[in-house]
Amino acid sequence: MGRRRQRANRAVGRRQAGWRSAGLALLLTVVAWCGLAWPLPLDLTRGIPASARHAGPQTRRYLVPGDHLQLLYHFQLVAGFMRGDPPLFYNLYEFNTGDDEARYLPGKYYAPFSVVFGALAPLAGAALAWNLLGLLALWLTLWFTWLLVRRLAPEPWIAWPAALVALLLPYRWITLAGGSPTGLAMLYPPLVLLGVDVMVADRKPWGGVLAGLAIYFAGWTDDHTFFFCALAS
C-alpha cells in the first residue's frame, strides 16, 4: 500500500507540475505577444495583422492585400461549413462560373486550426478568433518545447530559456503576422520530437502515435512544416 501511495503521489505531483508549467507558459506567451505584436493588442477585436513590418505612421489600414486575407478566407469558409452555409466542401465563392456542383472541392482546409477558428468566430467575431488562434499556437509552441527540453536537459532550469528561444524565433513571428499557415504549424515540430523521444526512450507506443498525428496534422496545415517534421523525426 505504501508503494502504491508513493506512486500515486508522484503521479499527482507530475500532473500539478504540468499544469503549473502550462500556466507559466501562457503568461510568458501573452507578455511576449503584447510586446512583439504591439499595437495589435489595442485592436484585438477589430483587426488582424497583415505583416511583421511596420507600415509607418499609418498602422491601421483596411483590406491590405496579402496572405492573411487568403488564409482568413479559407477559415471563414470552414466556419460556413460548420454552420451549413455553404454545404460541406462547396467552395462557391472562388472561380465559380455558375456551376455550383463543380465547386465541390474536398480538402484539408488548414484543419484543425480552421475548425478552432470556426468554433470561436460565432462567439467572438472573426478578428478576435484569428488573434486568439495565433496566441494559442504560440502558447502551445512554448509549452511543448518546454516539455521536450525538460526531458533532455541535464538541469530542469534549462528548459525555460530553451523554450523561450523557440517562441521568439523571428521567422515564426514573420510568418504568423504575415498570414502564412507556417506561423501556426510551427507548434508541431516540438510535439513531433516529444512523441519520438517518448517512443524511443520510454518505449511507450503512445509517443509514436503522438508523433504520427503531429506530422499528419502538420501536413494538413503547411507543407513546409510537414517536410521539416518528417526529416527531423
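Me: Is L27 buried or exposed?
Reply: L27 is exposed, since its relative accessible area is 52%, where exposed means over 50%, buried under 20% and partly exposed in between, with a 1.4 Å probe and protein chains only. This is a predicted model in which local features need pLDDT of at least 70 and side-chain atom pairs count only at pLDDT 80 or more, while totals for chains, interfaces and linings use all residues. Residues are numbered from 1 along each chain as its sequence is written, and side-chain values use heavy atoms, with hydrogens and water left out.

Me: Which helix is L27 in, and which patch does L27 help form?
Reply: L27 lies in helix 1, residues 2-36, helices being DSSP runs of H or I with at least four residues, strands runs of E with at least two, numbered from the N terminus. Together with L24 and V31, L27 forms a nonpolar surface patch with about 270 Å² of accessible area. Patch residues have over 30% relative accessible area and no salt bridge (a side-chain nitrogen of Lys or Arg within 4 Å of a carboxyl oxygen of Asp or Glu), with like charges joined within 9 Å and nonpolar side chains (Val, Leu, Ile, Met, Phe, Trp, Tyr) within 5 Å; the areas come from the Shrake-Rupley method with a 1.4 Å probe, and for residues only the protein chains shown count as cover.

Me: OK, inside now: how many residues has the largest nonpolar core?
Reply: That core has 48 residues, and among those with the most contacts inside it are F75, W143 and Y188; a nonpolar core is a set of buried Ala, Val, Leu, Ile, Met, Phe, Trp, Tyr and Cys residues joined through side-chain atoms within 4.5 Å. Helix 4, residues 126-152, gives the most to this core, with 15 residues.

Me: How many residues of helix 4 are buried, and what span should it have?
Reply: Of its 27 residues, 21 are buried, so helix 4 is mostly covered. At 1.5 Å a residue helix 4 should span 39 Å, and its end C-alpha atoms are 39 Å apart, which agrees; the expected span is 1.5 Å times one less than the number of residues.

Me: And what is Y188 in contact with?
Reply: Leaving aside neighbours within four places in sequence, Y188 contacts P112, F113, A214, F217, A218, T221 and C229, contact meaning heavy atoms within 4.5 Å.

Me: Switching to V196, where is V196 found, and what does V196 touch?
Reply: V196 is found in helix 8, residues 188-201, and touches G207, A211 and S233, not counting residues up to four places away in sequence.
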